[in-house]
Amino acid sequence: MTAPGREPGSRCRTLLRLRSAWRSRGTLTGFVLFVVLPVIACTQRGLSERPTEKRGIREETVQFVSDGITLAGTLVLPEGSQTHPAVVLFHGSGPQTRDLFTARWFASEGIAALAYDKRGVGESSGDFRKVPFMELCDEGLGAIQYLKSRKEIDAKRIGVWGLSQGGWLGPLAASRSADVAFVIAVSGPGVSPGEQMIVYYANELREQGVDEGDVREASTVRRDIWNYMSSGLGYEKTKAELDKARTKRWYNQARVQQDDSFGPLPKPADLSRPVGRGAIWFKQEAVYDPVPALRSLRVPALFLFGDHDRLIPVEESVAVIQRVSAEDKRRDFTIRVFPNVDHEMRLVTSEAMGAVDPEYLRTMRDWLSSHVLNRP
């Protein structure tokens, strides 16, 4: 999900039974001898391994500039000479290249799609590791400006699609620019990245057979440690809590988790000298609140989740989006949770392990038809 740290090239299994979903993991060199945070990244294999290609669909290699960074991508155009609505594809976390599978699916549905390499990845310049992930929103907005210059694109019908971390970035982009005409957020958390990662670690402990009460206790301690690391407040209380945690039966299992939160606690003076990704994660990314961006949405938005997603808190995310929607009846929010589906919208049933849920595709197709393509 969120992306602090060193980005490896390998792909690892996810939680519980999600053996078909892929992600990257990495570490963070944080404050002095402390804190190793993971990367939970969707590798974005796409909506289907090889979407049906219609005659006339064409692909063009393109470049555009955002804040002095040159992004390289591919524009996939539907058949026909008329102007088309379009969508920009936001990445999941980690070193993501252009997602051509998803772009081709959109084009097969009559919507042009621009997929690009994240900054510092593939053929794009820059380095995504040097900025908080929220700044990557600017890349998508730069892509929209590029699309507006294309004669094949209907400038008033350009939206954004994002998976995982991209599910935060899509609403954020729409909150910052009136050029975003619609939003599709797939497995986009309604909570902060810090809270999302605490949920991830809790599920990892559950997979190891840790008692539910112990999981909750470990999560509470981890949350308090991270709050201290973000704010610098409550050192003595947090240190005492951590010392007590070392006597708990769950401690050793939590201690070896990748974030290393249960190691030596840095003193407040050390927090003023952060290095590397540590400062970005604790001071900016972990505490990012997605609710203000959701409240700012004034365009149709589709939020899609799988009930077997073990990377994010699905029920809590849905509840947050529902509360925001209820605050203003004029909001056009559509929320759908698919049964037996994981973080990447893939089925986790024994009969169809790893296949993209056809109901997910059908839901997105129907929503696009009514909200973007204006078909009855």
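1. Let me start with helices H4 (193-207) and H5 (residues 212-231). They pack at an angle of about 150 degrees, with their axes 10 Å apart; axes here are lines fitted to C-alpha atoms, for helices over the stretch in contact, and angles run from 0 to 180 degrees between N-to-C directions. H4 is therefore roughly antiparallel to H5, given that angles under 35 degrees count as roughly parallel, over 145 as roughly antiparallel, 65 to 115 as roughly perpendicular and the rest as oblique. H4 passes H5 in a right-handed crossing (the near helix is turned clockwise from the far one by less than a right angle; anticlockwise would be left-handed). Helices are DSSP runs of H or I with at least four residues, strands are runs of E with at least two, and both are numbered from the N terminus.

2. Who meets whom in this pair? On the H4 side the residues are Gly 194, Glu 195, Met 197, Ile 198, Tyr 201, Ala 202, Leu 205 and Arg 206, and on the H5 side Glu 212, Val 215, Ala 218, Ser 219, Arg 222, Arg 223 and Trp 226. Contact means heavy atoms within 4.5 Å. The residues of this contact divide into eight nonpolar, two polar and five charged. For that split, Ala, Val, Leu, Ile, Met, Phe, Trp, Tyr, Cys and Pro count as nonpolar, Asp, Glu, Lys and Arg as charged, and the others, Gly among them, as polar.

3. A word on provenance. This is a predicted model, in which local features need pLDDT of at least 70 and side-chain atom pairs count only at pLDDT 80 or more, while totals for chains, interfaces and linings use all residues. Residues are numbered from 1 along each chain as its sequence is written, and side-chain values use heavy atoms, with hydrogens and water left out.

4. Now the overall picture. The protein has 12 helices and 10 strands. Buried residues make up 60% of its 376 residues, where buried means under 20% relative accessible area, exposed over 50%, and partly exposed in between (1.4 Å probe, protein chains only). Among contacts with a separation of 6 or more, 73% come from residues 24 or more positions apart.

5. The second helix pair to look at is H2 (residues 137-148) with H3 (residues 166-176). Their packing angle is about 60 degrees and their axes are 9 Å apart, so H2 and H3 are oblique to each other. The crossing is again right-handed. Cys 137, Asp 138 and Leu 141 in H2 meet Leu 169, Leu 172, Ala 173 and Arg 176 in H3. The residues of this contact comprise five nonpolar, no polar and two charged.

6. On to the interior. The largest nonpolar core holds 52 residues, and Leu 114, Leu 147, Val 180, Val 183, Leu 297 and Phe 303 touch the most other members. A nonpolar core is a set of buried Ala, Val, Leu, Ile, Met, Phe, Trp, Tyr and Cys residues joined through side-chain atoms within 4.5 Å. Helix H2 supplies the largest share of this core, six residues. A second, separate core of 29 residues includes Leu 89, Phe 106, Leu 302 and Leu 373. In soluble globular proteins, nonpolar side chains tend to be buried together.

7. Leu 297 deserves its own look. Leaving aside residues up to four places away in sequence, Leu 297 touches Pro 171, Ala 174, Val 183, Phe 303, Arg 331 and Phe 333.

8. Two backbone angles to check. Most residues other than glycine have a negative phi. Ser 187, however, has a phi near 55 degrees; Ser 187 is in the loop between strand S8 (183-186) and H4 and is buried, with a relative accessible area of 0%. Met 345 has a positive phi of about 65 degrees, lies in the loop between strand S10 (333-338) and helix H12 (358-371), and counts as buried at 0% relative accessibility.

9. Finally, three pairs for your distance list. Tyr 360, in helix H12, counts as buried at 1% relative accessibility; Tyr 360 and Leu 304 are 56 residues apart in sequence and 7.9 Å apart in space, C-alpha to C-alpha. Arg 129 sits in the loop between strand S6 (112-116) and H2 and is partly exposed at 28%; from Arg 129 to Gly 94 the C-alpha distance is 8.7 Å, with their positions 35 residues apart in sequence counted as separation. Glu 315, in helix H11 (residues 314-327), is exposed, with a relative accessible area of 72%; Glu 315 and Val 337 are 22 residues apart in sequence and 9.2 Å apart in space, C-alpha to C-alpha.
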